[in-house]
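These exercises go with the structure shown below. Try each task before reading its solution.

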Amino acid sequence: MRLDKYLKVSRLIKRRTLAKEMSDQGRITVNGNVAKAGTDIKVGDQLVIRFGQKLVTVKVTALNEHASKENAKGMFELIEEQKINED
């Protein structure tokens, strides 16, 4: 599944266009490599997403083409959430 679609369906990012913009800016890495919107995501991949002053690390646990609110949370496991200090 494409990275931008996965981020939208899993509800990590609200809109697919925003997920595409973030990946084009180099704010998302997959298994340590900067990822583009079309990067193929597989179960077991580790994503690091930079949201402003926060880094969120998640592990992909499932790929669902059409996730409802109930099972969207089951698509990833939160590994770490850390605040970035830019001093």
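**Exercise 1.** Find how many bridges join strand S1 to S2, and state whether the two strands run parallel or antiparallel.

Solution.
- Step 1. The model is a predicted one, and in it strand S1 covers residues 28–30.
- Step 2. Strand S1 is joined to S2 by 2 bridges.
- Step 3. The two strands run antiparallel.
- Step 4. In this pairing, Thr-29 stands opposite Val-34 in S2.

**Exercise 2.** Decide whether Thr-29 is buried or exposed, and list the residues it contacts outside its close sequence neighbours.

Solution.
- Step 1. Locate the residue: Thr-29 lies in strand S1.
- Step 2. The cut-off for a buried residue is under 20% relative accessible area.
- Step 3. Thr-29 has a relative accessibility of 19%, so Thr-29 counts as buried.
- Step 4. With neighbours within four places in sequence left aside, Thr-29 is in contact with Val-34, Ala-35, Gln-46, Leu-47 and Val-48.
- Step 5. One of these contacts, Val-34, is also the residue that stands opposite Thr-29 in S2.

**Exercise 3.** Give the order of the strands in the sheet and identify the edge strands.

Solution.
- Step 1. The sheet is open and is formed by 5 strands.
- Step 2. Their order is S2-S1-S3-S4-S5, with antiparallel pairing.
- Step 3. The edge strands are S2 (33–34) and S5 (76–83), each of which pairs on one side only.

**Exercise 4.** Write the pattern of helices and strands along the sequence, then judge how compact the chain is for its length.

Solution.
- Step 1. The chain contains 3 helices and 5 strands.
- Step 2. Along the sequence they follow the pattern α-α-β-β-β-β-α-β.
- Step 3. The chain has a radius of gyration of 12 Å, close to the 12 Å given by the globule rule for 87 residues, so the chain is as compact as a globular protein of that length.
- Step 4. The C-alpha trace spans about 40 × 25 × 20 Å along its principal axes.
- Step 5. Of the 87 residues in the chain, 36% are buried.
- Step 6. Among contacts between residues at least 6 apart in sequence, 42% join residues at least 24 apart.

**Exercise 5.** State which feature UniProt places at residues 1–64, and describe that stretch in the model.

Solution.
- Step 1. The unreviewed UniProt entry gives "domain: RNA-binding S4" for residues 1–64.
- Step 2. Over residues 1–64 the chain is 25% helix and 28% strand.
- Step 3. The end C-alpha atoms of this stretch are 9 Å apart.

Notes. Residues are numbered from 1 along each chain as its sequence is written. This is a predicted model: local features need pLDDT of at least 70, side-chain atom pairs count only at pLDDT 80 or more; totals for chains, interfaces and linings use all residues. Side-chain values use heavy atoms; hydrogens and water are left out. UniProt positions are given in the numbering used here, feature names are shortened, and annotations may be inferred rather than shown by experiment. Helices (H or I, at least four residues) and strands (E, at least two) are DSSP runs, numbered from the N terminus. Two strands pair if DSSP finds at least two bridges between them. Buried means under 20% relative accessible area, exposed over 50%, partly exposed in between (1.4 Å probe, protein chains only). Contact means heavy atoms within 4.5 Å. The radius of gyration is taken over C-alpha atoms; the globule rule is 2.2 Å times the number of residues to the power 0.38.
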